[in-house]
Amino acid sequence: MSFYRDFNDKVAIEAWTTSTRPAYRTIEVKRLTPTIGAEIGGVDLGRDLSDEQFAEIHRALDENLAIVFRDQDITREDHKRFARRFGNALHKHELAATRFKHDGVFDPELLAWKTGRDSRFTAGDGWHPDVSCDPSPIAVSLLRVTKTPPIGGDTAFANMYLAYEFLSDPFKQLLDGLTAIHDGSLAWTAGYGAKPDPGKTYPQTEHPVVATHPRTGRKFLYVNASFTSHIVQLTRKESDAILQHLYHHIEGQLALQTRVHWQSNSLLVWDNWASQHHAVWDYYPEERWGERVSVVTGEAPQARLPIAEAAE
Ligand code: SIN
């Protein structure tokens, strides 16, 4: 008698949790769960960080995918300065000037929103990475919640390395080599009622279904319920069935998730390729205000790293 391959996830968790993680010298790292999320201590984001301390923070992000800093009473300039340490340029969101505008002040590098009694949607209320429809999707996002509700309003995260590793080998082989379309209109027109400017369309990009992370060399699942419309190489029915299966897999596997609770003066940073997140809107009619700065590196997700990089 043989059994289903339901132990795959345990094997993957053991490999993940026992992977070598050198001790940190300049920061404190307290993991939120065995599989994703950590609180980082010993850092003052109001000051310039040394290269060594920043390198350890970036490694903590690689290892934990969502990291939260507490008691950081920082300005918008501090927020952006820290963001710029992660990459070349700050992302300018298509909807920053229209759907998400803060006190009438438009800063293209800051996506700001206020959710309250009159809101009919809030940013990120469903599993997604940010803006995967871009050719070079956001690599890292950094969020401050500047007004927290009395209770609730967590941000949930799921680990896309483990979402891939939890699958059986034949299923992984089926997905490896496929590509999918990520379409901005799916998330923004259906989600927020937004329409592109006349004569324009929202970005649409084909990305690998399984990509390899340029920093870690690990494979992660790169489809999501908000932006991914279909898998290019399959029939519509096959694509719908496989995508639905993968979305249920991501949403339903609590072992690859965590929830970050907000406190005042917290800054949350996530790896926007190897994780998905979900802003939990359970605080209605209370208010929650957010300000996000995001980093683009100019890279696109690749199924495989170029040979030279992979060999390093
Ligand atoms: C988002 O960036 O998708 C919003 C996350 C949040 O508000 O918790």
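Ser294 counts as buried in this predicted model, because its relative accessibility is 4%, and buried means under 20% relative accessible area. You will find Ser294 in strand E16. From there, try looking across to Pro306: the two residues are twelve apart along the chain, yet their C-alpha atoms are separated by 26 Å.

Strand E16 is a good way into the ligand site. Strand E16, which spans 288-296, supplies at least two residues of the shell around the ligand, and strand E15 (275-279) likewise supplies at least two. The residues around the ligand are Trp113, Ala123, Gly124, His128, Asp130, Leu143, Thr155, Trp270, His277, Ala279, Arg288 and Arg292. Sorted by class, that shell has five nonpolar, four polar and three charged residues.

Which side chains should you click on to see polar contacts with the ligand? Arg288 is one of them, with an N or O atom of its side chain 2.8 Å from an oxygen atom of the ligand. Arg292 also has a side-chain N or O atom at 2.8 Å from a ligand oxygen. For His277, the distance between a side-chain N or O atom and an oxygen of the ligand is 3.0 Å. How much of the ligand does the protein bury? Taken alone, the ligand exposes 260 Å², and the protein buries 99% of that. The space that the ligand takes up is also the largest cavity.

Now follow the chain from E15 towards E16. The loop between these strands holds Pro285, and here the backbone deserves a second look. Tyr284 and Pro285 are joined by a cis peptide bond, with omega at about 5 degrees. Why pause over such a bond? Most peptide bonds are trans, and most residues other than glycine have a negative phi.

That second tendency leads us to two other places in the backbone. Leu65 is not a glycine, yet its phi is positive, near 70 degrees. Leu65 lies in the loop between H2 and strand E3, the latter covering 66-69. Is Leu65 buried or exposed? With a relative accessible area of 0%, Leu65 is buried. The other place is Val131, which has a positive phi of about 55 degrees although it is not a glycine either. Val131 is found in the loop between strand E5 (111-115) and strand E6 (140-147). Its relative accessible area is 3%, so Val131 is buried.

Stay in that loop for a moment, as Ser132 is there too, between E5 and E6. Ser132 is buried, with a relative accessible area of 0%. To place Ser132 against another part of the chain, pick out Gly252: the two are 120 residues apart in sequence and 21 Å apart in space, C-alpha to C-alpha.

Next, turn to Gln257, which is found in strand E13, residues 257-260. Gln257 counts as buried because its relative accessibility is 13%, below the 20% cut-off. What does the side chain of Gln257 reach? The answer is the backbone oxygen of Glu251, at 2.9 Å.

Ser50 offers another contact between a side chain and the backbone. Its place is in the loop between strand E2 (38-41) and helix H2 (51-64). The side chain of Ser50 reaches the backbone nitrogen of Gln53 at 3.0 Å. Ser50 is partly exposed, because its relative accessible area is 41%, and partly exposed residues fall between the 20% and 50% limits. If you measure from Ser50 to Glu28, you cross 22 residues in sequence and 15 Å in space, C-alpha to C-alpha.

We can end the walk at helix H1, residues 8-17, where Glu14 lies. Glu14 counts as exposed, because its relative accessibility of 52% is over the 50% limit. Look from Glu14 to Thr35, and you will see C-alpha atoms separated by 9.6 Å, in residues that are 21 apart along the chain.

Definitions and conventions
Residues are numbered from 1 along each chain as its sequence is written. This is a predicted model: local features need pLDDT of at least 70, side-chain atom pairs count only at pLDDT 80 or more; totals for chains, interfaces and linings use all residues. Side-chain values use heavy atoms; hydrogens and water are left out. A residue is near a molecule or strand if one of its heavy atoms lies within 4 Å of it. A polar contact is a pair of N or O atoms within 3.5 Å; within protein, one must be able to donate a hydrogen and the other to accept it, and residues adjacent in sequence count only if both atoms are side-chain atoms. Accessible areas come from the Shrake-Rupley method with a 1.4 Å probe; for residues, only the protein chains shown count as cover. On a 1 Å grid over the protein atoms alone, a cavity is a set of points where a 1.4 Å probe fits but cannot get out, and a pocket is an open set with protein on both sides within 12 Å along at least five of seven lines; lining residues have an atom within 4 Å of a point. A molecule sits in a cavity or pocket if more than half of its atoms lie within 2 Å of its grid points. Helices (H or I, at least four residues) and strands (E, at least two) are DSSP runs, numbered from the N terminus. Ala, Val, Leu, Ile, Met, Phe, Trp, Tyr, Cys and Pro count as nonpolar, Asp, Glu, Lys and Arg as charged, and the others, Gly among them, as polar. Buried means under 20% relative accessible area, exposed over 50%, partly exposed in between (1.4 Å probe, protein chains only).
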